[in-house]
Amino acid sequence: MKTDSFVLRHNGPRDKEVLEMIKTIGVSSIDELIDKTIPSDIRLKNNLNLPKAMSEYEYMSHIQMLAGKNKLFKNYIGLGYHPTILPGVIQRNILENPGWYTAYTPYQAEIAQGRLEALLNYQTMISELTGMELANASLLDEGTAASEAMTMLFNTRSKNQLKINAVKFFVSEEVLPQTIDVLKTRSIPFGIELIIGNHQNLEFNDAFFGAILQYPAKNGQVYDYSSFVKKAKELEIRIAVAADLLSLSLLTPPGEWGADVVVGTTQRFGIPMGYGGPHAGYFATKEEYKRTLPGRIIGVTQDKDGNRALRMALQTREQHIKREKATSNICTAQVLLAVMAGMYGVYHGPKGITYIANKIQNLTSTLNQGILKLGLKQLNNVFFDTLIVEVSNASEVREIAENKEINFYYPTKNLVSISINETSNLDDIHDILSILAEVEGKNTVVFDTVVENSIPSNLKRTSTFMTNEVFEKYHSETEMMRYIKKLERKDLSLNHSMISLGSCTMKLNAATEMLPLSWPQWGVMHPFVPIEQAQGYQEVFKGLEAALNEITGFAATSLQPNSGAQGEYAGLMVIKAHHESKGNHHRNICLIPSSAHGTNPASAVMAGMKVIVTKSTDKGNIDVDDLREKAELHKDNLACLMVTYPSTHGVFESTIKEITELIHERGGQVYMDGANMNAQVGLTNPATIGADVCHLNLHKTFAIPHGGGGPGVGPICVAKHLAPFLPSNPIIPTGGATPITAISSAPWGSSLVLLISYSYIKMLGTNGLKEATIYAILNANYIKARLEKHYKILYAGENGFAAHEMIVDFREFKAKGVEVTDVAKRLMDYGYHAPTVSFPVAGTLMIEPTESENKVELDRFCDALISIKSEIDAMADGDINSPLKNAPHTQEMITANDWEYPYSRQQAAFPLPYIKENKFWPSVRRVDDAYGDRNLICSCNPIEDYMEN
């Protein structure tokens, strides 16, 4: 056994198990299975051309070498990114803990109460710091959060604004440049006209529907925006504010001076900069917008016994339900980072947060006094952490500063911007002053103590915040460690059992892939440092882009999109730019099969396209005749086809090349959704099937952990003719020769977690990547072979085999009163997270085991579903008191003195022998979603405050 081979550690089935599995499936070999599953005309003729696979030890040496190429300067660049201090208790117990980073999105609330509570803490912290009534459970970054605010305000315009077609949106020139760039991208498809200028001399009229301000402003000035907001409100113009969250512990929160939406990033709350991400963007607003608020909201409800419980509320996954009528295409949040930021708030409490903010402000004030003593002009009269200094020669400041390993931001030839942060101290202030003194030929200034600063009373916060007891109880490391562990124990993650979610690919997140994320050489890197300081990162990007190009068969890659849905949007915007470059501005029709991935229609609408849905056959395949008819009908305006391959139904459709050719013949482009790429790598690829662009879910196929619902990364790979249009960034140029504007805030998106996919590819290599795909298909077909004797498998390929996932149909059991939700909840009693429920077909489970699970685990899972089938068979029609209807069963139920159910406690909690070895107890009974939506509360108030009379 070659124990230094990573593929041996990544793939689950052993050789002996493989022989048993192919026998059960009914094929003579794995090769026969693959030949009968994937159409021969799209099989790759040659193996991938990738570097030789590294062992885990070799990879660790390699990544340490690359880390050494990143130069860790002191960073005072600001622009929305700051050095922070991540408490060790949070790093060790959350960031580095698979109990937290391998959890899935909390759609199954009963086994996700821990991270739901952590996210409720986060929402409470955001709401109270911003002075708003409601916050969601995180967005991707500040730029995309701002664009969601603009879109929400546009979609909720008043009747009068709709009547006169008010489409102007004011953007203060003091908004962060990367945010303005993302706003530009998002505004174009909606026909929103951005008016970028000075808020102090803007004359509003009724052509405006909204405005966005920065607080404190980009250059550091803290403005009193009250008169600006008053003028806007007189014309029904609503205000979004991008605010530095930490500053709001000292400054009057925007909610108190009239903001309608407050957005930003929580990166300052202990999250490493990571060369741009991932960080949790925040979004807070008024309760009147609760039904149009983008992303996920965590709400309080009660379970079947009336006990307090949490769940995702209201419009959760609305883009899947509303499809082309959705107002947002958000699918991934930044849950792991939101949890960490929320825990930073819990650990420090309001007094600690205020202490940190005061420390930063006083150090900034000390620097300001030193600058004045040097005889230099500083432009901000009211500031929090950022000063703008007039100097004789900014380039000379830069040269001296970089020689001393210090980075500032240089907006003009004679201005230097300096942002102080949580890690700064008085010695740092002296270092900064000595640089300025040297440039100006003056003696430096030294302070014995920090100079305290006072914020003007009209801008100073007087209201309390974070008053709930959770922010007061856990300030010692012992108590914090135990609180984090208490929440972790309530959640089922991959470190307990297989999570077989179709389309979501919950595979092994290897420890070796994760370890470098904690290293300061990767974490303590500002996204806007000079490229030469980040050569380790640049080598990772080049290597990852080259590998993804090879895997997809395409010519170029953009790593910027920081979620799968962002990747969809980016791919469509690149297609749009390509058509427009040829003068084809009229091409706006997007054909989408009814079987497509759920976010596809929403992404197409966001890209300004009109969605035309095409039919599926009874076997779940694309109806080629219907597609051809609609492509012909719309050929003059056809922009693209969006296709998921293999299909969302888990089938390699044999007509795929015919489909892509008929689109190209009519002038359209083919976008392939990469959600199911785990069934393609090394065996076929998007270029071979005839696609022009695809996005890849790195948090699926390429092993970035789901983190309870994020981070995700969704890079796009494109054919040569689309490469010129890949997105750029206003600070650090990226992308093609004629790029579209930014898709997300940072030049390379969530750079830190790109290390994971880079390592995954490096350690698996050509053969390992191919073998992982083969084993994913093997595992899925093994489960299919075992379950099809007991359940109806909805779709299969022409030879009767599934791809890497399959759909199991439970609709026939409705006659007995059994819903698929009952099966999902009953699986919890067997120690399993339910597969994907009712998507893409209502009343079904979509199962994807991945390559990481061995036969023993697959058999346990199959045994559980087969046992549930026997429980269904034993039920009388309409039985409302069966194990399925009462599932999940909590420890409190099982240990109660009274037992009033017609089945035994053993059947309830231990229906199969394996369960007693590793029992997972759901912490609440089945939650009542309807009750929670009628009594919506999304912060840490006690539920007694919201009980119906």
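**Close-up views of a predicted model**

Residues 24 or more positions apart supply 77% of the contacts in the chain that have a separation of 6 or more. The coordinates in every panel come from a predicted model.

**Panel A. The whole chain, with its 31 helices and 26 strands.** The C-alpha atoms fill a box of roughly 85 × 70 × 65 Å along the principal axes. For 949 residues, a compact globule would have a radius of gyration near 30 Å, and the chain, at 28 Å, agrees with that. Buried residues make up 67% of the 949.

**Panel B. Surface and charges of the chain, which exposes about 32300 Å².** Carbon and sulfur atoms supply 47% of this exposed area. The chain carries 89 positive and 105 negative charges, and the mean positions of the two sets lie 2 Å apart.

**Panel C. Helix H27, residues 855-874.** At 1.5 Å a residue, the 20 residues of H27 should span 28 Å. The end C-alpha atoms of H27 are 28 Å apart, in agreement with that expectation. Of the 20 residues, 14 are buried, so H27 is largely enclosed by the rest of the structure.

**Panel D. Helix H15, residues 426-440.** The 15 residues of H15 should span 21 Å at 1.5 Å a residue, and the distance of 21 Å between its end C-alpha atoms agrees. The buried residues of H15 are Leu-426, Asp-428, Ile-429, His-430, Ile-432, Leu-433, Ile-435, Leu-436, Ala-437 and Val-439.

**Panel E. Packing partners of the buried residues of H15.** Two helices take part: H13 (335-373) and H14 (394-403). The strands packed against these buried residues are S1 (74-75), S13 (406-407) and S15 (415-419).

**Panel F. Glu-236, in the loop between helix H11 and strand S6.** Helix H11 covers residues 226-234, and strand S6 covers residues 238-243. Glu-236 has a relative accessibility of 42%; buried means under 20% and exposed over 50%, so Glu-236 counts as partly exposed.

**Panel G. Contacts of Glu-236 with residues elsewhere in the sequence.** Leaving out residues up to four places away in sequence, Glu-236 touches Ser-158, Asn-160, Gln-161 and Phe-209. Glu-236 and Gln-161 are 75 residues apart along the chain, and their C-alpha atoms are separated by 8.6 Å.

Definitions and conventions: Residues numbered from 1 in each chain as written. Predicted model: local features only at pLDDT ≥ 70, side-chain atom pairs only at ≥ 80, totals over all residues. Heavy atoms only, no water. Helix = DSSP H or I, 4+ residues; strand = E, 2+ residues; numbered from the N terminus. Expected span 1.5 Å × (residues − 1). Buried < 20%, exposed > 50% of the residue type's maximum accessible area, 1.4 Å probe, protein only. Rg over C-alpha atoms; globule rule 2.2 N^0.38 Å. Contact = heavy atoms within 4.5 Å. Areas by Shrake-Rupley, 256 points an atom, 1.4 Å probe, with all protein chains shown as cover. Lys, Arg positive; Asp, Glu negative; His and termini not counted. Charge placed at Lys NZ, Arg CZ, Asp CG, Glu CD.
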